[in-house]
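Reader: Could you take a close look at one part of this model for me, and then tell me how that part sits in the rest of the chain? Take your time; one long answer is fine.

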Amino acid sequence: HVPKDVAVVGFDDIASASLSTPRLTTVTQDARRAAEMLIDTLIDGVETGESRNSLLPVHLTVRESSVCSSGE
């Protein structure tokens, strides 16, 4: 039973996440920025041989799939 026995979290907050029962908790990120960084790394990395680490901001949308009400 979700979320009583197990919490479920998805990724990318697709449209159906808020339509499921229970509604799905999700993590979202800026996919466009991630793609830009990947392309930059591929272009720059091939030429320089360097690698770099970067953090992208994310957002957690908490819905019923990960929150159990106090009465359960």
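Author: Let's start with β1 and β2, which run parallel to each other and are held in register by three bridges. One of the pairings to look for is Val9, whose bridge partner in β2 is Thr25. Keep in mind that the model is predicted.

Now zoom out to the sheet that this pair belongs to. It is an open one with three strands, ordered β1-β2-β3, and its pairing is mixed. β1 and β3 take the edges with a single partner strand each, so each has one side without a neighbour in the sheet. On average, neighbouring strands here are turned by 20° against each other, if you ignore direction. As background, sheet strands pair through backbone hydrogen bonds, in either the parallel or the antiparallel sense.

The part I'd zoom in on is the loop between β1 (9-11) and β2 (25-29), where Ser18 has its place. Go along it from the β1 end. Asp12 is in this loop, and its phi is positive, about 90°, although it is not a glycine. Asp13 is in the loop too, again with a positive phi, near 45°, in a residue other than glycine. Those two are worth a glance, because most residues other than glycine have a negative phi. Asp12 has a relative accessible area of 40%, so it counts as partly exposed. Asp13 lands in that class as well, with 27%.

Further along comes Ser18, which counts as partly exposed because its relative accessibility is 30%. The Ser18 side chain reaches the backbone oxygen of Ala15 at 3.4 Å. Once you set aside neighbours within four places in sequence, Ser18 is in contact with Arg23 and Arg63. Its C-alpha atom is also 9.9 Å from that of Thr61, with the two positions 43 residues apart along the chain.

The loop has one more backbone feature to check. Pro22 belongs to it, and a cis peptide bond joins Thr21 to Pro22, with omega at about -5°. There is a cis bond from Val2 to Pro3 as well, with omega near 0°, but Pro3 is in the segment before β1. In general, most peptide bonds are trans.

So what does the loop hold on to? Follow Arg63, which is in the segment after β3 (58-61). Arg63 forms a salt bridge with Asp13, and the closest N and O atoms are 2.9 Å apart. Asp13 sits in the loop between β1 and β2 while Arg63 comes after β3, so this pair ties together parts that are 50 residues apart in sequence. Arg63 is buried, because its relative accessible area is 11%, which is under the 20% cut-off. A polar atom of the Arg63 side chain also lies 2.8 Å from the backbone oxygen of Leu24.

The contact list for Arg63 fills in the picture: leaving out residues up to four places away in sequence, it touches Asp13, Ala17, Ser18, Arg23, Leu24, Thr25 and Thr26. Thr25 on that list is also the bridge partner of Val9 in β2.

How does that fit with the chain as a whole? From the N terminus, the elements go β-β-α-β, that is, one helix and three strands. Among contacts with a separation of 6 or more, 61% are between residues 24 or more positions apart. The chain has 72 residues, and 14% of them count as buried. Its accessible surface is about 5600 Å², with carbon and sulfur atoms making up 57%.

For a contrast with the loop's salt bridge, have a look at helix α1 (residues 31-48). The structure holds four salt bridges. One of them joins Arg32 and Glu36, with the closest N and O atoms 3.4 Å apart; both residues lie in α1, four residues apart, about one turn of the helix. Glu36 also forms a salt bridge with Arg33, at 3.5 Å between the closest N and O atoms. Through shared partners, Arg32, Arg33 and Glu36 become one network. Arg32 is exposed at 65% relative accessibility, while Glu36 is partly exposed at 34% and Arg33 partly exposed with a relative accessible area of 36%. Set that beside Arg63, which is buried at 11%.

Definitions and conventions:
Residues numbered from 1 in each chain as written. Predicted model: local features only at pLDDT ≥ 70, side-chain atom pairs only at ≥ 80, totals over all residues. Heavy atoms only, no water. Helix = DSSP H or I, 4+ residues; strand = E, 2+ residues; numbered from the N terminus. Buried < 20%, exposed > 50% of the residue type's maximum accessible area, 1.4 Å probe, protein only. Contact = heavy atoms within 4.5 Å. Polar contact = N/O pair within 3.5 Å; in protein donor to acceptor, adjacent residues only side chain to side chain. Pairing = 2+ DSSP bridges. Axes fitted to C-alpha atoms, helices over the stretch in contact; angles between N-to-C directions. Areas by Shrake-Rupley, 256 points an atom, 1.4 Å probe, with all protein chains shown as cover. Salt bridge = Lys/Arg side-chain N within 4 Å of Asp/Glu carboxyl O.
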